[in-house]
Amino acid sequence: MKRLSLSPVSILTSLSEDLLLNILDRLREEADRKTWRLVCYDFLRLESLHRKSLRVLRHEALPALLRRYSSLDRLDFSVCPRVDDLVLVLSFAHPAWARGLRSLVLSRATAVSFAGLEAAVRACPSLEEVDVSYCSRFGDREAAALSCAAGLRDLKLVKCLDITDVGLAKIAVGCQRLEKLSLKWCLEISDLGLDLLSKKCRDLKFLDISYLKISNKSLQSISSLRKLESLFMVGCSNLDDEAMDFLKNGNASLKCIDLSRCEMVTSTGLASVIKRHRCLQQITARHSIPELSLPLLVNLKELVNLTSIRLDGLQLSASVLQTLGHVCKNLVEIGLSKCKGVTNEGVGAIVNDQLQIIDLTCCSAITDDAIRDIANKCQKLLTLRLESCSSITEAGFDRLATGCSSLKELDLTDCNVNDTGLKCLSECLELVDLKLGLCTLISDKGLTYIGSNCKNLCELDLYRCTGVGDAGLASVARGCKKLRKLNICYCGQITDEGFTYLSLLKQLADLEMRNVVKVTSKGVAAIAMGCRGLAQLEMKRCYLVDDMGFLALAQYARNLRQINMSYCPVSDVSLCVMLGNLGCLQDVKMEHVTRVSLEGFELGLRASCDKLKKVKLVASLKNLLSRELILLLQARGCKIRWVDKPLVLV
């Protein structure tokens with residue numbers, strides 16, 4: 001019998017490009033898309049043509065990346081430590097690829113100034129969104145460069161401390177199509193700048209003026225914006241009820257308002273805003289108004305579209321919550337964090353079958369009765385925060401898992417949950433974020449239940465869970481392969497063996513291991529080699545991690561952006577090698593690194609001065625390090641925090 005020959009042609013060749021692109025669109029995880037690129041040249045070509053967004057980690061790779069990805073509409077430099085004017089000028093020197101670019105993210109690009117922004121704006125005629133938040137060199141001249149982007153619709157200037165009314169005026173005149181603007185922490189902006197902004201940018205829909213030192217006059221100007229839908233004014237301590245009256249007399253388009261920490265605003269002021277703005281969907285008044293008055297509650301009844309209300313820090317009685325539950329029947333989110341007077345009766349009155357987010361942080365009076373009401377009425381619940389609600393028992397957790405099985409985020413910090421409680425909660429198979437800090441009754445047995453069932457877990461907080469050891473980490477590492485963030489600070493039973501298991505977590509990006517005193521360089525080396533995507537590492541007071549551990553990080557943890565090595569026995573050589581080798585490193589904390597000499601600090605900081613954005617050092621070094629080095633770091637946009645703390649070994 002003749003044997004049929006196998007065709008060497010892959011079945012993939014019979015699939016159309018449209019079908020392949022449809023498959024590619026369904027790959028959400030970056031690791032899966034990377035695997036796709038490695039399949040064959042045709043897959044790489046399709047991904048290159050189809051990719052719209054690029055996040056740059058290293059500027060050296062930028063020319064090759066821009067040649068490969070010619071259809072980008074979003075370019076993100078926020079995690080690239082060495083981006084400066086020269087990088088931007090060279091990148092946009094051949095602007096063919098940039099003509100379709102719509103979004104440019106330069107957040108924390110502290111070395112970028114006027115020249116780089118001018119080159120970017122000139123090369124990108126389609127630019128609609130720019131984020132220069134936390135850019136310490138962004139001032140009026142840089143604002144003038146951005147003002148040439150006439151099509152700009154979304155601009156984030158969070159904590160650009162040097163921009164004044166002059167720079168804002170440039171933007172207001174040049175970018176009159178703006179729809180979203182964030183000026184949070186831009187402390188030099190005054191009433192004058194906001195008045196001109198309100199006159200020129202009439203299409204504004206989103207405005208964040210949080211923490212600005214403005215008066216009621218600014219709200220009078222802002223009230224003239226007929227299309228404004230979202231207004232954030234957190235911490236504007238000079239605003240009072242008169243400012244709310246201006247909003248009341250203005251447009252009626254507001255859908256979202258946040259007046260948290262506006263201590264001079266009362267319930268009367270908020271009620272006047274609500275009376276005018278019947279389309280409000282979200283109200284946030286954290287730590288501001290002292291109480292919910294009857295007129296305010298009456299006006300809330302008219303907000304048929306209200307879906308979110310956050311009232312953290314207020315005094316609330318059961319009767320007030322009962323009234324609130326009666327008048328706000330369509331709530332999807334309720335925030336009562338640190339509210340005084342919240343009881344089981346009040347919780348039972350406020351919850352409904354539409355709620356997806358409930359925050360009861362520090363509402364310590366609630367018990368299993370409140371949890372029972374939540375479980376019975378809130379089958380759609382996705383997020384529940386119960387930090388410091390220590391009166392909830394195993395029965396409450398069992399009822400919660402049964403009634404709210406779709407939970408994705410659960411905060412049980414300081415809640416006395418034990419292994420039996422975790423066994424119940426492990427039935428919430430959709431859990432993505434689980435916080436168990438300060439739950440000292442948890443042991444490895446409890447984590448076994450979580451590892452066995454919660455396969456989608458991405459964040460796990462075990463802060464000061466002193467009963468957790470290596471076996472518990474083994475269960476988590478075997479079952480929770482998607483884990484990206486883990487906190488095991490002060491978990492004193494964990495050893496190198498546990499870290500060997502953690503090294504299996506290929507997606508781990510953020511590890512907090514402060515004072516894990518039994519872990520040595522061997523355990524850190526295992527993490528460095530196994531978790532190549534590690535970006536943030538907190539290892540303060542890990543006294544047994546010496547040069548070998550830090551040299552392993554220098555060799556393998558090439559994506560590391562932030563590290564705290566305070567009190568660790570690192571020496572000159574390993575410090576210099578690590579600071580020099582880690583090209584993505586931006587934030588380093590080095591308190592009381594006693595084995596490093598003055599020369600070691602000098603050489604290490606010089607080796608990394610072109611990429612560091614934050615450095616934390618003991619104050620005694622301020623007068624010992626060369627003035628030239630300090631000025632060099634500051635010129636590159638690096639913020640140095642000098643800490644005057646005594647050396648304490650615990």
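1. Let's start with the lining of the largest cavity in this predicted model. By class, its residues comprise 6 nonpolar, 1 polar and 4 charged. On the nonpolar side you will find Pro-81, Val-83, Ala-109, Ala-111, Cys-609 and Leu-612. Thr-110 is the polar residue, while Asp-610, Lys-611, Lys-613 and Arg-636 are the charged ones. The space inside this cavity comes to about 50 Å³.

2. How many cavities of 30 Å³ or more does the structure hold? There are 2. The second largest encloses about 30 Å³ of space. Its lining consists of Phe-499, Leu-511, Met-513, Val-524, Ile-527, Leu-534, Leu-537 and Leu-553. Here the class count is 8 nonpolar, with no polar and no charged residues.

3. Next come the pockets. The largest pocket has a volume of about 1,600 Å³, and 37 residues line it. If you would like to find its centre, look for Glu-30, Ala-31, Leu-57, Gly-533 and Asn-559, which are the lining residues nearest to that point.

4. Which elements contribute to the lining of the largest pocket? Helix H2 (30–39), strand S1 (53–55) and helix H4 (62–68) each provide at least two residues. H2 gives the largest share, with 6 residues. Divided by class, the lining of this pocket has 14 nonpolar, 6 polar and 17 charged residues.

5. The second largest pocket holds about 470 Å³ of space. It is lined by 19 residues, and Arg-108, Gln-586, Asp-587, Lys-613 and Lys-614 are the closest to its centre. This lining splits into 3 nonpolar, 8 polar and 8 charged residues. Lys-613 may look familiar: it lines the largest cavity and also the second largest pocket.

6. Finally, have a look at a pair of helices. Helix H23 (residues 547–556) packs against helix H24 (residues 572–581) at an angle of about 15°, and their axes lie 8 Å apart. Angles under 35 degrees count as roughly parallel, and H23 and H24 are therefore roughly parallel to each other. The crossing of H23 past H24 is left-handed.

7. Which residues make the contact between these two helices? From H23 they are Asp-547, Phe-550, Leu-551 and Ala-554, and from H24 they are Ser-574, Val-577, Met-578 and Asn-581. The contact residues divide into 5 nonpolar, 2 polar and 1 charged. One further detail links this region to point 2: Leu-553, a residue in the lining of the second largest cavity, falls within the residue range of H23, 547–556.

Terms used:
Residues are numbered from 1 along each chain as its sequence is written. This is a predicted model: local features need pLDDT of at least 70, side-chain atom pairs count only at pLDDT 80 or more; totals for chains, interfaces and linings use all residues. Side-chain values use heavy atoms; hydrogens and water are left out. On a 1 Å grid over the protein atoms alone, a cavity is a set of points where a 1.4 Å probe fits but cannot get out, and a pocket is an open set with protein on both sides within 12 Å along at least five of seven lines; lining residues have an atom within 4 Å of a point. Grid points are joined across faces, edges and corners, and a volume is the space filled by probe spheres set on the points. Axes are lines fitted to C-alpha atoms, for helices over the stretch in contact, and angles run from 0 to 180 degrees between N-to-C directions. Helices (H or I, at least four residues) and strands (E, at least two) are DSSP runs, numbered from the N terminus. Angles under 35 degrees count as roughly parallel, over 145 as roughly antiparallel, 65 to 115 as roughly perpendicular and the rest as oblique. A crossing is left-handed if the near helix is turned anticlockwise from the far one by less than a right angle, and right-handed if clockwise. Contact means heavy atoms within 4.5 Å.
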